[in-house]
Amino acid sequence: MSRINVSLVLICFFSFIITSHSKSTYTEFDDDDEDATIKTMHQFSGYPPSNPDHYHSLSSLSLLVDSLSLQKQIDELATFSDSPLPAVTRVLYTDMDVAGRRYIKNLMGLAGLSVREDAIGNIFGRWDGYEPELAAVGTGSHTDAIPYSGKYDGVVGVLGAIEAINVLKKAGFKPKRSLEVIMFTSEEPTRFGISCLGSRLLAGSETLEKALMNTFDSQNVSFLDAAKSAGYTRDNDDLSSVLLKNGFYSGFVELHIEQGPILEAEGIPIGVVTAIAAPASIKVDFEGVGGHAGAALMPSRNDAGLAAAELALAVEKHVLDSGSIDTVGTVGILDLHPRAVNSIPSKAHLEIDTRDINETRRNEVVEKIHQSAIDIAKKRRVKLSGFEIVNQDPPALADSNIIKAMEASSSELNLNYKLMVSRAYHDSLFMARVSPMGMIFIPCYKGYSHKPEEYAAPEDLVNGVKVLALTLAKLSLS
Ligand SMILES: [Zn+2]
């Protein structure tokens, strides 16, 4: 049996009990116990504070994940939904979102965290370290869910983070840097068309701050009114208070289901994310001359539709020419006008998404697409009436020290791991702008996400929470 298989069997066998180094003794400290509140990691592990080895002694912590409670919480949170189970629909600032928020704040309180919320409803639960003036270590994700999606996307990174805190408390760990669990507002763009709204604003986008003052949903409800109805933005001008000071967090780690099939297919319990690819999106418009599909002869045509078709193929060519598997490009929208079978398209509209983990290479692709649009318009005697780069977010690299902490944590827990790129983007993409960042992936069934079949096995959740807990402990002491 391969090493992976052996460890998988062991994981399954022990997942509901304990996994840690067997030489350690599990000691439960009561929350009221004086000893627990004053005990620091080095005291707990027996290493003197001056010994740098105490950072490595964390492997002797007994990490006891309450798998049944965690699953119960995931199931309970899923009931706050505007669609019948197993489908979950929880859209920003709706009654169900507000109920879900209340549920999360309650769990944070039960974990002994001090809870605060900012003006747009990012929720923070803080466990003060014994050097609380140091920059804190953050962890978290989102709990909003697009219509008819599943119950694990984002949720695992919030409920799992609260459970990681519980695990560390039970193990008698005392953080040096404070630990903060964050529930980000609206990672999904469902209601206002802006993805990662909470983390984007935390990371300090003044453009977004201004845009939010004038943003409406499809029912013409303004962002500010919607936020008010959920109990936020009581003062219209206070959005700047959301922006995080650079250096507020010394590190940020997000636990998330992979949303892809790789870990499950390869039988690997943990993914250590090294980079998050970020999209650029582009809108292109061509204007030609319409006419009768029978009467206008081919040499005299100025067909905007064919220009669009040629550009779509050019996008594919430029992406493939990069020579990297990490470069991707998609023409997801191609509209023709007047859209009649017997009419030559006089207008064409394309929307292009291109992503890469290498920003220079991604930007080169964007530039080549622009050049092709110009050349094609000239060749086909149509007008390039619009070329708008809608967004061009830089990709984010995970911090090398956090990667090391995640790798060491996985190894110390005897969990196989794989270094991988996140092709979907997450709140971590924006947190990386204001903090060193890392992400931990766990396998999910067939890579399904954003649909009711989304599923992560209890043993994978346990593994993810343990790696998160140990990583947080390491970063807290660093
Ligand atoms: Zn997510």
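## Helix α12

On the side of helix α12 turned away from its buried residues, T360, E367, Q371, I374, K378 and K379 are exposed. A residue counts as exposed if 12 or fewer other C-beta atoms lie within 10 Å of its own, as buried if 20 or more do, and as partly exposed in between, with C-beta atoms placed from the backbone. Helices (H or I, at least four residues) and strands (E, at least two) are DSSP runs, numbered from the N terminus. This is a predicted model, in which local features need pLDDT of at least 70 and side-chain atom pairs count only at pLDDT 80 or more, while totals for chains, interfaces and linings use all residues. Residues are numbered from 1 along each chain as its sequence is written.

The buried residues of α12 are R362, V365, I369, A373, I376 and A377. They cover an arc of only 105° around the axis, which puts them on the same side of α12; the arc is that of the directions from the helix axis to the C-beta atoms. An α-helix has 3.6 residues a turn, so residues three or four places apart point the same way. The cover over the buried residues of α12 includes β9, α11, β11, β13 and β14 (383–392), where contact requires C-beta atoms, placed from the backbone, within 7 Å. The 21 residues of α12 reach 30 Å from the first C-alpha to the last, close to the 30 Å expected at 1.5 Å a residue; the expected span is 1.5 Å times one less than the number of residues. Just after α12, R381 has a positive phi of about 50°.

## Helix α11

Helix α11 (residues 304–321) has 18 residues, and its first and last C-alpha atoms are 25 Å apart, close to the 26 Å expected at 1.5 Å a residue. Its buried residues are A304, G305, A307, A308, L311, V315, H318 and V319. They cover an arc of only 155° around the axis, which puts them on the same side of α11.

These buried residues pack against β9 (278–287), β11 (328–337), β13 (347–356) and α12 (359–379). The face of α11 turned away from the buried side carries the exposed residues L313, E316, K317, L320 and D321. G323, just after α11, takes a positive phi of about 75°.

## Helix α5

For the 16 residues of helix α5 (residues 95–110), a span of 22 Å is expected at 1.5 Å a residue, and the end C-alpha atoms are 23 Å apart, which agrees. D97, G100, R101, I104, L107 and M108 are the buried residues of α5. They cover an arc of only 125° around the axis, which puts them on the same side of the helix.

Elements covering the buried residues of α5 include α4 (67–78), β1 (88–90), β2 (114–117), β3 (123–127), α6 (155–170) and β6. On the other side of α5, D95, R102, N106, G109 and L110 are exposed. α5 is followed by G112, whose phi is positive, near 80°.

## Strand β4

Seven of the seven residues of strand β4 (residues 136–142) are buried, so the strand is largely enclosed by the rest of the structure. Both of its faces are covered, with A136, G138, G140 and H142 on one side and V137, T139 and S141 on the other.

β4 pairs in the parallel sense with strand β6 (residues 179–184) over six bridges and with strand β7 (residues 249–257) over four bridges; pairing requires that DSSP finds at least two bridges between two strands. G138 has E180 of β6 as its bridge partner, and T139 has V253 of β7.

## Nonpolar cores

The largest nonpolar core has 100 residues, and those with the most contacts inside it are I440, L468, A469 and L472. Such a core is a set of buried Ala, Val, Leu, Ile, Met, Phe, Trp, Tyr and Cys residues joined through C-beta atoms within 7 Å. Helix α15 (residues 458–477) supplies the largest share of this core, 11 residues. A second, separate core of 20 residues includes A304, V331, A348 and I376.

Leaving aside neighbours within four places in sequence, L468 is in contact with T139, G160, A161, A164, V253, L255 and I440.

## S409 and the whole chain

S409 is found in helix α13 (residues 400–412). With 28 C-beta neighbours inside 10 Å, S409 counts as buried. Not counting residues up to four places away in sequence, S409 touches V467, L470, T471 and K474. S409 and L472 are 63 residues apart along the chain, and their C-alpha atoms are separated by 9.5 Å.

The protein chain contains 15 helices and 17 strands. Of its 478 residues, 46% are buried. Among contacts between residues at least 6 apart in sequence, 79% join residues at least 24 apart.

Technical notes:
Contact = placed C-beta atoms within 7 Å.
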